[in-house]
Amino acid sequence: MVRFFNVSFSYPRSAGVENINLYVKNGEFVFLTGPSGAGKSTVLKLIYLEEFPQRGNILLDGYNTQEITRKDIPYIRRKIGMVFQDFRLLRDRNVFENIAFALRIIGVRRSRINKRVLEILRDVGLSHKKLKMPQALSGGEQQRVAIARALVNEPFVILADEPTGNLDEENREEILALLHKINERGTSIIMATHNYEMAKKTGRRVIRIDKGKIIS
């Protein structure tokens, strides 16, 4: 569950968000739409604890931002998956190692890592690409790896920041279908996109943001 209570945040030289109230239930798929600079990415950064509210507070899976300490942040982030428009894969590691990295840094046993990564690769349809380097993959395949990496720690929510923005229509539809499949298994999805029409066609809840405020 993600809940914003009258949250405001601004940057030194640009606007952020103002008096945001937002509630995303467990297992819900929600789109955040709006033009560039509207505040979509700021909302995701606040959920990921990259930024903290200057006013108001946020509840994240039982945690309150007014009570979170620095020691809590890494633990909470393990429960949140992030997917970016530009993939952000490690270019010097193959597909398997890109996904495994998220588990290695928190000290998961090698046997558990191998089992979990192979499970996730099957889920995203990339078992046959596990030894490929990122640069040998198509854009759609790279985004599947990024989604697999976001999933590997079994998060309660995935934050997807324009995950289809660099993809052609065919790959865009495939990535959306994969996110819907993940959501149907119980993981919440919050996806930021400037493409309102695409979001509307899915039949999921669409939250429109403009100039840092929710307008619908």
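In this predicted model, Ile 99 makes contacts well beyond its sequence neighbourhood: leaving aside residues within four places in sequence, it is in contact with Val 117, Leu 121, Val 145, Ala 148, Arg 149 and Val 152. Ile 99 also belongs to the largest nonpolar core, a set of 37 residues in which Ile 99, Val 117, Ile 147 and Met 191 touch the most other members. Two or more residues of this core come from each of strand S3 (29-33), H3, H4, H5, strand S7 (157-161), helix H6 (169-184), strand S8 (188-193) and helix H7 (196-201). Both domains take part, as at least three residues of the core are drawn from each of domain 1 (1-79 + 158-215) and domain 2 (92-154). Another core, of 31 residues, lies apart from this one and includes Val 2, Val 7, Leu 22 and Leu 32.

The domain arrangement gives a setting for these contacts. The protein chain is divided into domain 1 (1-79 + 158-215) and domain 2 (92-154), and the centres of the two, taken over C-alpha atoms, are separated by 23 Å. Twelve residues from domain 1 and eleven residues from domain 2 make up the contact.

Helix H4 is a good place to look next. For its 14 residues (110-123), a rise of 1.5 Å a residue predicts a span of 20 Å, and the end C-alpha atoms are indeed 20 Å apart, so the two values agree. Ile 113, Arg 116, Val 117, Ile 120 and Leu 121 are the buried residues of H4. Viewed down the helix axis, these buried residues fall within an arc of 135 degrees and therefore line one face of H4. The face turned away from this buried side carries Ser 111, Lys 115 and Arg 122, which are exposed. Helix H3 (95-104) and helix H5 (139-151) are among the elements that cover the buried residues of H4. Two of those buried residues, Val 117 and Leu 121, are also contacts of Ile 99. Just after H4, Gly 125 takes a positive phi of about 75 degrees.

Helix H5 is likewise in agreement with its expected span: its 13 residues should cover 18 Å at 1.5 Å a residue, and its end C-alpha atoms are 18 Å apart. Eleven of the 13 residues of H5 are buried, so this helix is largely enclosed by the rest of the structure. The buried set comprises Gly 140, Gln 142, Gln 143, Arg 144, Val 145, Ala 146, Ile 147, Ala 148, Arg 149, Ala 150 and Leu 151. Their cover includes strand S6 (80-84), H3, H4, S7 and H6.

Within helix H6 sits His 180, which counts as buried because its relative accessibility is 16%, under the 20% limit. Beyond neighbours within four places in sequence, His 180 is in contact with Phe 29, Thr 202 and Arg 204.

Towards the start of the chain, Ser 8 lies in strand S1 (residues 2-9) and is buried, with a relative accessible area of 5%. Not counting residues up to four places away in sequence, Ser 8 touches Val 17, Glu 18, Asn 19, Pro 53, Gln 54 and Arg 55. Asp 72 is 64 residues from Ser 8 along the chain, and their C-alpha atoms are separated by 22 Å.

The structure holds two aromatic pairs. In the pair formed by Phe 9 and Tyr 11, the ring centres are 4.9 Å apart and the planes stand at 85 degrees, so the arrangement is edge-to-face. Phe 9 is buried at 8% relative accessibility, whereas Tyr 11 is partly exposed, with a relative accessible area of 21%.

Backbone geometry adds a final point. Most residues other than glycine have a negative phi. Leu 49 has a positive value, with phi near 65 degrees; it lies in the loop between helix H1 (40-47) and strand S4 (55-60) and is buried, with a relative accessible area of 3%. Glu 154, also not a glycine, has a positive phi of about 55 degrees. Glu 154 is placed in the loop between H5 and S7 and counts as exposed at 55% relative accessibility.

Terms used: Residues numbered from 1 in each chain as written. Predicted model: local features only at pLDDT ≥ 70, side-chain atom pairs only at ≥ 80, totals over all residues. Heavy atoms only, no water. Helix = DSSP H or I, 4+ residues; strand = E, 2+ residues; numbered from the N terminus. Expected span 1.5 Å × (residues − 1). Buried < 20%, exposed > 50% of the residue type's maximum accessible area, 1.4 Å probe, protein only. Arc of directions from axis to C-beta. Contact = heavy atoms within 4.5 Å. Core = buried A, V, L, I, M, F, W, Y, C linked by side-chain atoms within 4.5 Å. Domains from an automatic or database assignment. Phe/Tyr/Trp six-rings, centres within 6.5 Å; stacked < 30°, edge-to-face > 60°.
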